[in-house]
Amino acid sequence: MKDRDYYLKLKTLERDHFICQKCKLEDKTGIKLEAHHITPLYKGGKDELDNLITLCFDCHHFAPNDKEGFDEYMKEEMEGTLTVLMKSWDKVRKEHPELIKKLNEEKNQRLKQSMLQKASRGNIVSRAPFGYKIENKSLLPAENFKEIEEIFNEFLTPNMNLTQLSKKHNLSVNGLKKILSNFTYLGKIKFDGQIHQGSHQPLISNTLFNHVQNKLKEILRN
Ligand SMILES: [Zn+2]
């Protein structure tokens, strides 16, 4: 019986092109539409396409339970709250596509922001970089966080090289290079192939980081 109900509803909606036959609300998903019995089953109406018509929820709600009343009803203008809203929305969509575009962009922005927050909380950053720790899925400065600024500053002192500095801090040269070029220390995170502002605390300033990048480039060039 359920299957037949569903089949009949679908057939009715299809025949009526998914448009409420009273207020002309269109809903291709069919979610806001009903197949209404013109003569109700309890009054001897048949459960067949001829006795069915597509109405939206609002128009269905106010539809009279008899054929005569219903014919009269279909002639009147009727605008339910949902219908008015949907129609206004359709109008906005058609007349102001730029507004819809902006709304979609804002939605995407919010989505991106929430993914960034997740990434920053350590859901994507699986291991905390040197100087940070992961606590309650958040990236926090670790007990040794001051060592990061020291390393960056020491690297800039004249005659300091990667080998010397790595030995001083018990790091491998490669590990040190990774630290010196890790933008996580700027409060940023890599996500989706791009660098974004994260929500964790930076450990060094942009200026310090940039100076270090310049010296790194110089050293690696030679
Ligand atoms: Zn309607």
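These legends go with several close-up views of a predicted model.

**View 1. The whole protein, with its two assigned domains.**
Start by zooming out. The domain assignment gives domain 1 (2-95) and domain 2 (98-221), and their C-alpha centres lie 58 Å apart. Along the principal axes, the C-alpha atoms fill a box of roughly 100 × 40 × 30 Å. The radius of gyration is 33 Å, whereas a compact globule of 222 residues would have one near 17 Å. If you count up the secondary structure, you get nine helices and six strands. Buried residues make up 18% of the 222 residues. And if you take the contacts between residues at least 6 apart in sequence, 48% of them join residues at least 24 apart.

**View 2. The largest nonpolar core.**
Twelve residues make up this core: L13, C20, C23, L25, L33, A35, L52, I53, L55, C56, C59 and A63. Which elements give two or more residues to this core? They are β1 and β2 (52-56), and β2 gives the most, with four residues. Now look at C20. Leaving out residues up to four places away in sequence, C20 touches L25, L33, T54, L55, C56 and C59.

**View 3. Helix α8 and its buried side.**
Helix α8 covers residues 173-180, and L176, I179 and L180 are buried there. Why do these three sit on the same side of α8? They cover an arc of only 95° around the axis, so they end up on the same side of the helix. A bit of helix geometry helps here: an α-helix has 3.6 residues a turn, so residues three or four places apart point the same way. What covers the buried residues of α8? The cover includes α6, α7 and α9 (206-221).

**View 4. A second core, separate from the largest one.**
Eleven residues belong to this core, among them L180, Y185, L203 and V212. You've already met L180 as one of the buried residues of helix α8.

**View 5. The hairpin of β3 and β4.**
Strand β3 (residues 132-135) and strand β4 (residues 138-141) run antiparallel, and four bridges join them. To follow one pairing across, find I134: its bridge partner in β4 is L139. How many residues lie between the strands of this hairpin? There are two, and N136 in the hairpin takes a positive phi near 45°.

**View 6. H17, a loop residue with a positive phi.**
Most residues other than glycine have a negative phi. Here, though, H17 has a positive phi near 60°, and H17 is not a glycine. Look for H17 in the loop between α1 (2-15) and β1 (33-37). Is H17 buried or exposed? H17 counts as exposed, because there are 10 C-beta neighbours inside 10 Å and the cut-off for exposed is 12 or fewer.

**View 7. N159, another loop residue with a positive phi.**
N159 isn't a glycine either, yet its phi is positive, at about 70°. Its place is in the loop between α6 (146-156) and α7 (162-168). N159 is exposed, because 5 other C-beta atoms lie within 10 Å.

Technical notes: Residues numbered from 1 in each chain as written. Predicted model: local features only at pLDDT ≥ 70, side-chain atom pairs only at ≥ 80, totals over all residues. Buried ≥ 20, exposed ≤ 12 C-beta atoms within 10 Å, placed from the backbone. Domains from an automatic or database assignment. Rg over C-alpha atoms; globule rule 2.2 N^0.38 Å. Contact = placed C-beta atoms within 7 Å. Arc of directions from axis to C-beta. Core = buried A, V, L, I, M, F, W, Y, C linked by C-beta atoms within 7 Å. Pairing = 2+ DSSP bridges.
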